[in-house]
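Biologist: I have a structure open and would like to talk through one helix pair. Can we start?

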Amino acid sequence: MQKQVCIVGAGSSGVAAAKALKDLGIGFDCFEKGSDIGGNWRYNNDNNMSSAYRSLHINTNREIMAYSDYPLTRDLPMFPHHSQIIKYFEEYVDHFGLRNSITFNTGIAEVVPTSNGLYKVTTDRGEVKEYTHVIIANGHHWNPRFPDPPFVGTFTGEVLHAHHYRVPEQVMYKNILIVGIGNSAVDIACEAAKLHSGRVTISTRSGAYILPNWILSKPFDSLANPLTAKLPLSVQRFLLKVSLLLARGRQEAYGVPLPKRPPLQEHPTVSQELLNLSGRGLIDYKSNIKEFRGKEVVFEDGTTETYDLIVYATGYKATFPFLKDKAFEVSANNEFRLYKKVIHPDWPNLYFVGLIQPLGAIMPLAEVQAKWVAKLIKGTCRLPDVASMTKDIERDTQQMRRRYNASPRHTFQVDFYLYKETIERELRRKGS
């Protein structure tokens, strides 16, 4: 079979792309920098790009996160551990016979368009090959982002980005300040607090709504469905507020600051433990950092505290170092405008799979993206013209700015069910 497609990465999005292509009889090569599949879900991945820590569990329930044709078995916990998730991916790859199509221990050094409409792909082993299509599925949680501009002054204690956090021993017997209140931030804070070995503080500019894993013995994220996703945003916010009150009461009663903005204006933070530990005084909260003075930290509220370690849980830059052309650069705010979050209108036959941050799990959305891309490659599905795609991208960008808090973490944000329906509509746009 002629290999006309190159897939970059064999994480959860890359293997979904591989299966979609195989299902339609499209020849492809898939290159993975590490020695096995799984990407970010492989703990201590030897591709040195995984952010997984030893205690990591998925925070979307097993029913929502599975691929459509390969469900997670019901003997697994509702929120599986990373070791169970990686086993699921391994079984998926082996069940559908994808492993032999993946070249391991091989990264991509360069992808450049050629004058004859192809893409020249160079691996980090120096091998060069041309493809008609390229699918980028290398993930966007591997290049740590730090505050920009940086805080005034110099912190002379230890500094760690959440990307490099692995085990609780890294934070034992230390007074730690965690910058950020996203999912990684609160996971690290809870682990550190349970050690009872030092002060744990979260510094946040604006707070976050804390969603539990459970409500009335059901997964909290199971409350979302295609019907509620179509309700007016004001109604969705009201329902979420009521559900949160039922599930855990008022979060400010536990000492966790409540944002001034309404819910659903940011990516949610999910934790079953944070409120309890905060209510017991094991985690405290500070405003944004104003200045460093050695190990002293001055906060914007005028208070000063001393810390041994700062953990930056400040997200990631979406970067594609193998795309050398300036047109492929992502802005400092993570803005990279793509049609339906997948297609760059100025670069035909280049696709991005999994470059999204959903209110829900990525895997099923990457799967439907991959099916769309496969049909586009096969020619059984078509795209609108470039002008129409550009107009749609601008409209989507403006909607995002109106809906979400301005932040690099929200440039790839999508609502799970609405986005899935959007891509399914594209799948029905028949080719000529």
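Biologist: Are α1 and α8 parallel, perpendicular or oblique to each other?

Modeller: This is a predicted model, where local features need pLDDT of at least 70, side-chain atom pairs count only at pLDDT 80 or more, and totals for chains, interfaces and linings use all residues. Residues are numbered from 1 along each chain as its sequence is written, and side-chain values use heavy atoms, with hydrogens and water left out. α1 and α8 are oblique to each other, a word for angles outside under 35 degrees (roughly parallel), over 145 (roughly antiparallel) and 65 to 115 (roughly perpendicular).

Biologist: What is the angle, and how far apart are the axes?

Modeller: Helix α1 (residues 12-23) packs on helix α8 (residues 363-378) at about 40°, and their axes are 8 Å apart. Axes are lines fitted to C-alpha atoms, for helices over the stretch in contact, and angles run from 0 to 180 degrees between N-to-C directions. Helices are DSSP runs of H or I with at least four residues, and strands are runs of E with at least two, numbered from the N terminus.

Biologist: Which residues of α1 make the contact?

Modeller: Ser12, Ser13, Ala16, Ala17, Ala20 and Leu21. On α8 the contact residues include Met363, Ala366 and Ile377. Contact means heavy atoms within 4.5 Å.

Biologist: New topic: how many residues of α1 are buried?

Modeller: Ten of its twelve, where buried means under 20% relative accessible area, exposed over 50% and partly exposed in between (1.4 Å probe, protein chains only). Lys19 is among the buried ones.

Biologist: What covers them?

Modeller: The cover includes β1 (5-8), β2 (28-31), α3 (82-95), β7 (133-136) and α8.

Biologist: And what comes just after α1?

Modeller: Gly25, with a positive phi of about 70°.
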